[in-house]
Structure formats: structure tokens, C-alpha cells
Amino acid sequence: MSTAFLLAQKNHQITIYAKAFTPNITSNRAAAFWFPYHIRNDRRGISWCQKSYDYYIQLAQQSETGISIRQLVKVLRKGVEEEEPIWIDFMPQGSYRIMASDELPSNIAKGYDVKVPLMETQIFLPYLQQQLQQKGVKLIEKEIKNFNELAGDYDILINCSALGSRKLCNDDKVIPVKGQVGLLSPRNNLPIYLDNEKPLYIVPRKDAIIVGGTYEERVETETTEPATIERILNNAYEVFPELKQQEVIGSWAGLRPYRPEVRVEHEEGTNIIHNYGHGGSGFTLSFGCAEEVAAIVDQLN
Ligand SMILES: Cc1cc2nc3c(=O)[nH]c(=O)nc-3n(C[C@H](O)[C@H](O)[C@H](O)COP(=O)(O)OP(=O)(O)OC[C@H]3O[C@@H](n4cnc5c(N)ncnc54)[C@H](O)[C@@H]3O)c2cc1C
């Protein structure tokens, strides 16, 4: 939707074909805070992430977008080896600081205080869809089995089909990575909390506190397992015991559309531009990748 959003601003005539729309898409399963996650070996991601960050900062000025700028605390527990902190290369200037040891609990070796956009998907995705409709973008619910179905009807086809690209493009580099989360009743005054090595993330939104998660490669089912959700929630209670007072209000699972390298490119000899494989960072990358697609559209026109 972010790709269509940018192109609609440039007055292109757009039709979106989708097997499903919000709220029945993976994007509704995201937490969804800005943070470079499992994309750190793809250096193109640095500019995509930073452009998206700037975009969200602007959108956060309008409350109806459901985007706010939040404090995220990223921790490394004592005794846990730190992955090389490549994520720092992806951070916009001035968006983080290393916390002083007297700000950290005794079991934490290192902490980062980071300023990040939080996209409340339950508000932001309907907002985006409504903006598209207001700009005259047509939305058609239809599964596309082959790009030939649309051949001749449009000047350019833009493929943003995430996991759907496995079949549509015969691309076996795209794999599902399942994430399960538990939901607690909402509560104010908590930062977003991230312990990637566990993995644990706690994301306070208006409708719920999202507590994740899992990173299950090649798992295709979108169901949650009660024992896994209980383990995830217990991890959160260890960090913030006060969360035990919150009601458990649900759980969900989603499939991240992971690809070792995000595919954003024009397919030689066709009128197709691909934009898929954003894994666990689809929101973090979205507007940056959309800008790249828009630049390719300009070249093709
Ligand atoms: C538990 C979880 C937590 C996450 N947390 C974060 C986070 O905090 N921050 C972050 O940046 N990212 C996060 N992500 C990742 C993020 O959700 C994804 O990267 C993002 O949603 C991918 O967006 P997309 O538009 O490419 O895919 P989708 O939202 O899946 O949209 C793809 C669209 O293509 C359509 N489609 C597919 N195949 C076809 C076809 N053949 N014909 C027609 N239509 C088709 C689908 O119906 C859908 O409309 C998380 C993901 C999960 C599962």
C-alpha cells in the first residue's frame, strides 16, 4: 500500500489487485515499530530504512495516521553474546544513545535508548487504504495466478505480493518465518522493549500491549500455540512484573515474507517491477522501497 500511496501522490492511475486487504494481511500481524531486523547484511537497506523513518516522522504529525514517535529500549543481557551491532549503521543520526550503567537493571550489560516510529496497524492501514480510495485508486479483491492475466491492460505491473511471489515468480528464495505474539490489555507509560537475543519485544499500543515473539523459519501455519504464548508472556513478566496485572486478551501469529535480499528491481524485458521479500522489516523498509519503485517507474515512462 505504501508503494501505491507514493505513486498516487504523483498522479498515476492505479489499480490494486489483492487476494486480501487489511485487516486480513500479514501487515496487520506486525508489531509494528520501526527497527532494522534481519536485513542487516543488505546494505541497500540503510537508505530504505532511513527514508522510511523520515516519512513516518512526517506522518506522525497527523494523529489520524496512528503513528507516534516512541522510546525504544534495546537491551543486551549479561552473559549473552552481542551480535555485531550492524543495526547502528541503519539508524538516522541522533536517533539513539547508549544508556549509562546506572540506568540499567543489574542483569543488563548494555542498553540503547532509541527514538522510533510506532505504526499502530489497526489505525494506520485503514488510514492508508482510505487515502488511496480518496485519490481514486481502484481496489479489486482477486488472486492473480499469472502476470499474463493482466498483460496489455496496464503500462506497468508492480508486484508487492510478499509470500505470494513464491508461486507468482517461482521464487524459492522467499520463505515464511512465523511470528507468534500474545496480547495484554493496554497500559500507559511503558517504552517499547526489545531483547533480540531472546527474542522478546513488548510494544504498548492503544488497543493492546503486543508481546512477541518467535522466529520460526519455514513454518507455514498461522496458528498460535498456548505453551509458546505462555513462555513469551513469562519472558515479559520477568522484565516488567507489573504486566502480570494486565489481562491476557488474545494472541496471533503471522508469516514474515523473508528473502535473503529484498527484491526491488525492474525485471528485464518485461513491464514488471518487483517489491517483495521484506521479512520482519516490512514497515521499516516500506517507504524507502516505495521511493525506489517510483524512481524505476519514472525511468520506464
Ligand atoms: C509477528 C510479526 C511481527 C512483525 N513486526 C514488525 C515490526 O515491528 N516492524 C516491521 O517493520 N515489520 C514487522 N513485521 C514484518 C511485516 O509485517 C512484513 O514485512 C510486512 O507486512 C510485509 O508487507 P507486504 O505488503 O510485503 O506483505 P503483506 O502485508 O502480506 O501484503 C501482501 C499482499 O499481497 C497479496 N497477494 C499475495 N499473493 C497474491 C496473489 N497471487 N494475487 C493477488 N494478491 C496477492 C496479499 O493478499 C496482500 O494483500 C512483522 C511480521 C510479523 C509476522
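Here is a short conversation about a predicted model, its ligand shell and its helix α6.

Student: How many residues surround the ligand, and which kind is most frequent among nonpolar, polar and charged?

Tutor: Let's start with the count: 34 residues surround the ligand, and the closest include Gly164 and Phe283. Sorted by kind, the shell has 4 charged, 14 polar and 16 nonpolar residues. The answer is 34 residues, with nonpolar at 16.

Student: Which helix supplies at least two residues of that shell?

Tutor: Among the elements that each supply at least two are the strands β1 (15-18), β7 (175-184), β12 (248-266) and β13 (272-278). A helix joins them in that list, covering 282-300. That helix is α6.

Student: Why does the distance between the ends of α6 agree with its number of residues?

Tutor: Good one to work through! α6 has 19 residues, and at 1.5 Å a residue they should span 27 Å. The end C-alpha atoms are 25 Å apart, so the two values agree. Do keep in mind that α6 bends by about 30 degrees at Gly288. The end-to-end distance is 25 Å.

Student: Is Gly288 buried or exposed?

Tutor: Look at the residue where α6 bends. Its neighbours Phe287 and Cys289 are on the list of buried residues of α6. The buried residues of this helix pack against elements including α1 (2-9), α2 (44-59) and β12. Gly288 is on that list too, which makes the answer buried.

Student: Which element gives the most to the largest nonpolar core?

Tutor: This core has 60 residues, and Phe33, Leu72 and Val116 are among those touching the most other members. With 6 residues, the element giving the most to this core is α6.

Note on methods:
Residues are numbered from 1 along each chain as its sequence is written. This is a predicted model: local features need pLDDT of at least 70, side-chain atom pairs count only at pLDDT 80 or more; totals for chains, interfaces and linings use all residues. A residue is near a molecule or strand if its C-beta atom, placed from the backbone, lies within 6 Å of it. Helices (H or I, at least four residues) and strands (E, at least two) are DSSP runs, numbered from the N terminus. Ala, Val, Leu, Ile, Met, Phe, Trp, Tyr, Cys and Pro count as nonpolar, Asp, Glu, Lys and Arg as charged, and the others, Gly among them, as polar. The expected span of a helix is 1.5 Å times one less than its number of residues. The bend at a residue is the angle between axes fitted to the seven residues ending there and the seven starting there. A residue is buried if 20 or more other C-beta atoms lie within 10 Å of its own, exposed if 12 or fewer, and partly exposed in between; C-beta atoms are placed from the backbone. Two residues are in contact if their C-beta atoms, placed from the backbone, lie within 7 Å. A nonpolar core is a set of buried Ala, Val, Leu, Ile, Met, Phe, Trp, Tyr and Cys residues joined through C-beta atoms within 7 Å.
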